Amino acid sequence: MADVMQSIRNTAKRMNEPLDESLFPERMLVQAGAIGQVAPYLQDRGNKRIVVVSDSETRKAAGATLLSDAKAAGLSAEETIVKPNAQGDVVADEASIVQVIIDIQRTNSDIAVAAGSGTIHDIVRYAAYTTGIPFVSVPTAPSVDGFTSKGAPILVRGEKITLPAIGPAALFADVAILRAAPRPLIAAGFGDMLGKYTSLFDWTFGHLTAGEPYSPLAAELTQQALTACVENADAIGSNTEEGVTILIHALIQSGIAMLIFGQSHPASGAEHHLSHYWEMAFVREGRRQLLHGAKVGVACTLIAALYHRVGAEGMPAANGFAERHRSIESQWSNIQAAINRIPLESRLRELIRAVGGPSSLAELGVERELAEHSLQEAHRVRLNRYTLLRAMNEG
């Protein structure tokens with residue numbers, strides 16, 4: 001992991017930007033066999049009572065090993081296996097969070113270990129935050145960029161909201177475990193990264209037209225991570241050790257960019273708003289959930305097609321928010337240039353297919369009608385963001 005952190009330091013130095021490393025996990029290890037370093041780390045920290053949180057699948061991948069290693073090291077270790085909902089999905093909602101909080105309190109644990117992918121991490125980071133203990137991240141799939149996040153996207157009564165939480169004290173990403181993850185989860189991680197094409201555009205758009213804060217360093221780090229994934233799509237799709245290592249490095253670097261900026265703007269724009277909209281629709285209808293990164297990848301293709309059309313045809317006439325439209329008009333040449341940096345829809349689909357992910361609504365399992373509604377309404381998911389999608393719908 002030192003190479004990623006050194007790359008980040010070098011980028012910050014080159015850009016003459018300050019880098020507050022206290023924001024990051026105190027230890028990050030990405031290599032085959034990294035899971036074996038978790039128990040020694042916990043011993044070094046002086047932790048005594050551990051709770052390992054997983055689901056039934058991630059327990060097999062890492063949770064059982066972590067529990068056994070902790071006990072062998074003389075630590076008092078318990079486990080919590082998060083239960084699925086009525087549809088059979090493990091989701092970051094009130095029930096899952098309360099289950100983990102209760103087990104932390106019942107076991108009087110002084111640290112939690114998250115053994116899983118994005119959902120388990122969101123549950124643990126909020127439960128640990130609420131109970132006032134730290135947690136350790138052990139990803140079991142390179143599926144999302146939120147492992148180091150300090151915000152937890154939670155379903156509360158079926159509505160997706162992001163709540164303050166804590167980031168991990170340390171992260172141990174075992175490349176052997178990551179490579180053994182189901183291929184759709186690896187493709188989902190690539191899809192989450194591909195969405196940075198439109199999220200970086202929307203962040204630039206909001207900065208130019210609505211004065212939203214902007215960090216050149218966070219933007220550059222996100223762009224570097226995205227470029228690394230795109231340039232190595234075939235290796236990622238082939239599940240080589242190098243490809244999966246590049247993907248998890250990119251996901252971690254994207255997460256660190258968000259920590260640097262303090263918000264998710266670098267990595268979450270209209271494509272994520274569509275993904276959240278679809279997720280909430282599926283919850284209301286009692287349907288099985290889709291992988292976050294798979295949704296983001298397909299949503300990115302839709303947003304890219306829409307934005308390129310706007311770039312060629314111009315913005316719709318302003319029916320309201322005239323001041324904002326004047327701001328858009330004054331920045332139009334810069335906006336068009338930024339749109340042109342987004343690959344065409346066909347290229348994005350090609351990249352998704354290269355890693356074995358769903359590249360269309362039909363392959364993903366989202367109906368065209370739901371997609372059309374989301375393009376008109378999903379901007380309301382995050383009204384603290386001024387995306388081009390929001391500008392088009394509010395005009």
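**Helix 3**

I looked first at the course of helix 3 (residues 56–72) in this predicted model. I found a kink of about 55°, centred on alanine 62. I then checked which residues of helix 3 are buried, and listed Thr58, Ala62, Gly63, Leu66, Leu67 and Ala70. Alanine 62, where the kink is centred, is thus itself among the buried residues.

I next asked what covers the buried residues of helix 3. The cover includes two helices, helix 2 (38–45) and helix 6 (175–179). It also includes strand 2 (49–54), strand 3 (76–81), strand 4 (111–116) and strand 5 (135–139).

I examined both ends of helix 3. At its start, a side-chain oxygen of aspartate 55 comes to within 2.9 Å of the backbone nitrogen of glutamate 57. After the helix I noted glycine 74, with a positive phi near 85°.

**The sheet**

I traced the strand order and recorded an open sheet of six strands, 1-8-5-4-2-3, with parallel pairing. Strand 1 (27–30) and strand 3 stand at the edges; each has a single partner strand, so one side of each lacks a neighbour in the sheet. The twist from one strand to the next averages 15°.

I then looked up what packs on the sheet. Helix 11 (residues 241–261) does so, touching strand 1 and strand 8 (170–173). The direction of helix 11 makes about 160° with that of strand 1.

I went through several of the pairings one by one. Strand 2 and strand 3 run parallel and are joined by six bridges, and isoleucine 50 stands opposite alanine 77 in strand 3. Strand 2 is also joined to strand 4, again in parallel, by four bridges. Here valine 52 has valine 113 of strand 4 as its bridge partner. Strand 4 pairs with strand 5 in the parallel sense over five bridges, and valine 113 has valine 136 as its bridge partner in strand 5.

**Strand 4**

I asked how many residues of strand 4 are buried. The count is six of six. I sorted them by direction: Ile111, Val113 and Ala115 point one way, while Ala112, Ala114 and Gly116 point the other way. I set beside this the general rule that side chains in a regular strand alternate between the two faces of the sheet.

**Nonpolar cores**

I looked up the largest nonpolar core and found 88 residues. Phe201, Leu274, Trp278, Tyr307 and Leu388 touch the most other members. I followed leucine 274 further: leaving out residues up to four places away in sequence, it touches Ala299, Leu302, Ile303, Ser374, Leu375, Ala378 and Leu389. A second, separate core has 23 residues, including Tyr41, Leu42, Val52 and Leu67. Of these, I had already met Leu67 as a buried residue of helix 3 and valine 52 as the bridge partner of valine 113.

**Threonine 107**

I ended with threonine 107, which is found in helix 4 (residues 94–107). Is threonine 107 buried or exposed? Its relative accessible area is 14%, under the 20% cut-off, so I entered it as buried.

I then looked for its polar contacts. The side chain of threonine 107 reaches the backbone oxygen of aspartate 103 at 2.7 Å. A polar contact of 2.5 Å also joins the side chains of threonine 107 and serine 109.

Beyond its neighbours within four places in sequence, I found threonine 107 in contact with Arg49, Val51 and Glu78. Glutamate 78 lies 29 residues from threonine 107 in sequence, with a C-alpha to C-alpha distance of 7.3 Å.

Definitions and conventions:
Residues are numbered from 1 along each chain as its sequence is written. This is a predicted model: local features need pLDDT of at least 70, side-chain atom pairs count only at pLDDT 80 or more; totals for chains, interfaces and linings use all residues. Side-chain values use heavy atoms; hydrogens and water are left out. Buried means under 20% relative accessible area, exposed over 50%, partly exposed in between (1.4 Å probe, protein chains only). Contact means heavy atoms within 4.5 Å. A polar contact is a pair of N or O atoms within 3.5 Å; within protein, one must be able to donate a hydrogen and the other to accept it, and residues adjacent in sequence count only if both atoms are side-chain atoms. The bend at a residue is the angle between axes fitted to the seven residues ending there and the seven starting there. Two strands pair if DSSP finds at least two bridges between them. Axes are lines fitted to C-alpha atoms, for helices over the stretch in contact, and angles run from 0 to 180 degrees between N-to-C directions. A nonpolar core is a set of buried Ala, Val, Leu, Ile, Met, Phe, Trp, Tyr and Cys residues joined through side-chain atoms within 4.5 Å.
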